[in-house]
Amino acid sequence: SRFEGFPMSVLESSATGTPHILSKGTNLQEMMLRDNFGIVHNIDYIKSLIELNFKDYKIMCDNAINFANKHSIENIGIETIKHYNSLLAK
């Protein structure tokens with residue numbers, strides 16, 4: 001799934017509230033950092049896990065669900081219709 005345009009495994013597991021550890025080559029790493037639903041896999045990722053407290057972990061879980069909801073079929077459909085309507089208005 002790492003080489004998909006939009007890795008479905010990240011989206012699917014986010015819907016269950018699972019925080020992620022994504023490497024640099026994963027194209028959703030920027031979104032993960034922006035929306036705070038995981039940590040970067042690098043040389044220090046174990047340290048980051050050890051330092052993670054329950055409150056921050058819970059926030060990442062909630063943010064993962066919010067990330068998945070942003071990309072639900074309903075929201076994608078709404079944005080698609082808006083886009084097509086804006087093209088028609090030109």
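# Exercises on a predicted model

K47 and E51 share helix α3 and sit 4 residues apart, about one turn of the helix. The model is a predicted one, and the exercises below work through its salt bridges, its surface and its overall form.

## Exercise 1. The pair in helix α3

Task: State how the side chains of K47 and E51 meet, and classify the accessibility of each residue.

Solution.
Step 1. A salt bridge needs a side-chain nitrogen of Lys or Arg within 4 Å of a carboxyl oxygen of Asp or Glu.
Step 2. The N to O distance between K47 and E51 is 3.8 Å, and their side chains meet in a salt bridge.
Step 3. Buried means under 20% relative accessible area, exposed means over 50%, and partly exposed lies in between.
Step 4. K47 has 49% relative accessibility, so K47 counts as partly exposed.
Step 5. E51 has a relative accessible area of 54%, so E51 is exposed.

## Exercise 2. A salt-bridge network

Task: Determine which residues are linked with D35 in a network of salt bridges, and which helices the pair D35 and K70 ties together.

Solution.
Step 1. Side chains of opposite charge can pair when their charged atoms come close.
Step 2. R34 and D35 form a salt bridge, with the closest N and O atoms 2.9 Å apart.
Step 3. D35 also forms a salt bridge with K70, and the closest N and O atoms of this pair are 2.9 Å apart.
Step 4. D35 belongs to helix α2 and K70 to helix α4, so this pair ties together parts that are 35 residues apart in sequence.
Step 5. R34, D35 and K70 are thus linked in a network of salt bridges.
Step 6. R34 counts as exposed at 55% relative accessibility, D35 counts as buried at 12%, and K70 is partly exposed at 43%.
Step 7. For the whole structure, a search finds 5 salt bridges.

## Exercise 3. The surroundings of Q29

Task: Classify Q29 as buried or exposed, and list its contacts beyond the neighbours within four places in sequence.

Solution.
Step 1. Q29 is placed in helix α2, which covers residues 29-35.
Step 2. The relative accessibility of Q29 is 12%; therefore Q29 counts as buried.
Step 3. With neighbours within four places in sequence left aside, Q29 is in contact with L22, S23, K24 and V40.
Step 4. As for L22, the side chain of Q29 reaches its backbone oxygen at 3.0 Å.

## Exercise 4. A nonpolar patch

Task: Identify the residues of the nonpolar surface patch and the element that supplies its largest share.

Solution.
Step 1. The patch is formed by I21, I46, L49 and I50, which together have about 370 Å² of accessible area.
Step 2. Helix α3 (residues 45-51) contributes the largest share, 3 residues.
Step 3. I21 is found in strand β1, residues 20-22.
Step 4. The relative accessible area of I21 is 38%, so I21 is partly exposed.

## Exercise 5. Separation in sequence and in space

Task: Give the sequence separation and the C-alpha to C-alpha distance for D62 and S14, then for E79 and S9.

Solution.
Step 1. D62 lies in helix α4, residues 54-70, and counts as partly exposed at 33% relative accessibility.
Step 2. D62 and S14 are separated by 48 residues in sequence and by 9.1 Å in space, C-alpha to C-alpha.
Step 3. E79 lies in helix α5, residues 73-89, and is partly exposed with a relative accessible area of 47%.
Step 4. E79 and S9 are separated by 70 residues in sequence and by 22 Å in space, C-alpha to C-alpha.
Step 5. For the protein, among contacts between residues at least 6 apart in sequence, 41% join residues at least 24 apart.

## Exercise 6. Overall form

Task: Decide how the radius of gyration of the protein stands against the globule rule.

Solution.
Step 1. The protein has 5 helices and 2 strands, in the order α-β-α-β-α-α-α along the sequence.
Step 2. Its radius of gyration is 16 Å, well over the 12 Å that the globule rule gives for 90 residues, so the protein is more spread out than a compact globule.
Step 3. Along the principal axes, the C-alpha atoms fill a box of roughly 50 × 25 × 20 Å.
Step 4. Buried residues account for 27% of the 90 residues.
Step 5. The protein exposes about 6,400 Å², of which carbon and sulfur atoms supply 61%.

Key:
Residues numbered from 1 in each chain as written. Predicted model: local features only at pLDDT ≥ 70, side-chain atom pairs only at ≥ 80, totals over all residues. Heavy atoms only, no water. Buried < 20%, exposed > 50% of the residue type's maximum accessible area, 1.4 Å probe, protein only. Patch = residues over 30% accessible without salt bridge, like charges linked within 9 Å, V, L, I, M, F, W, Y side chains within 5 Å. Areas by Shrake-Rupley, 256 points an atom, 1.4 Å probe, with all protein chains shown as cover. Rg over C-alpha atoms; globule rule 2.2 N^0.38 Å. Contact = heavy atoms within 4.5 Å. Polar contact = N/O pair within 3.5 Å; in protein donor to acceptor, adjacent residues only side chain to side chain.
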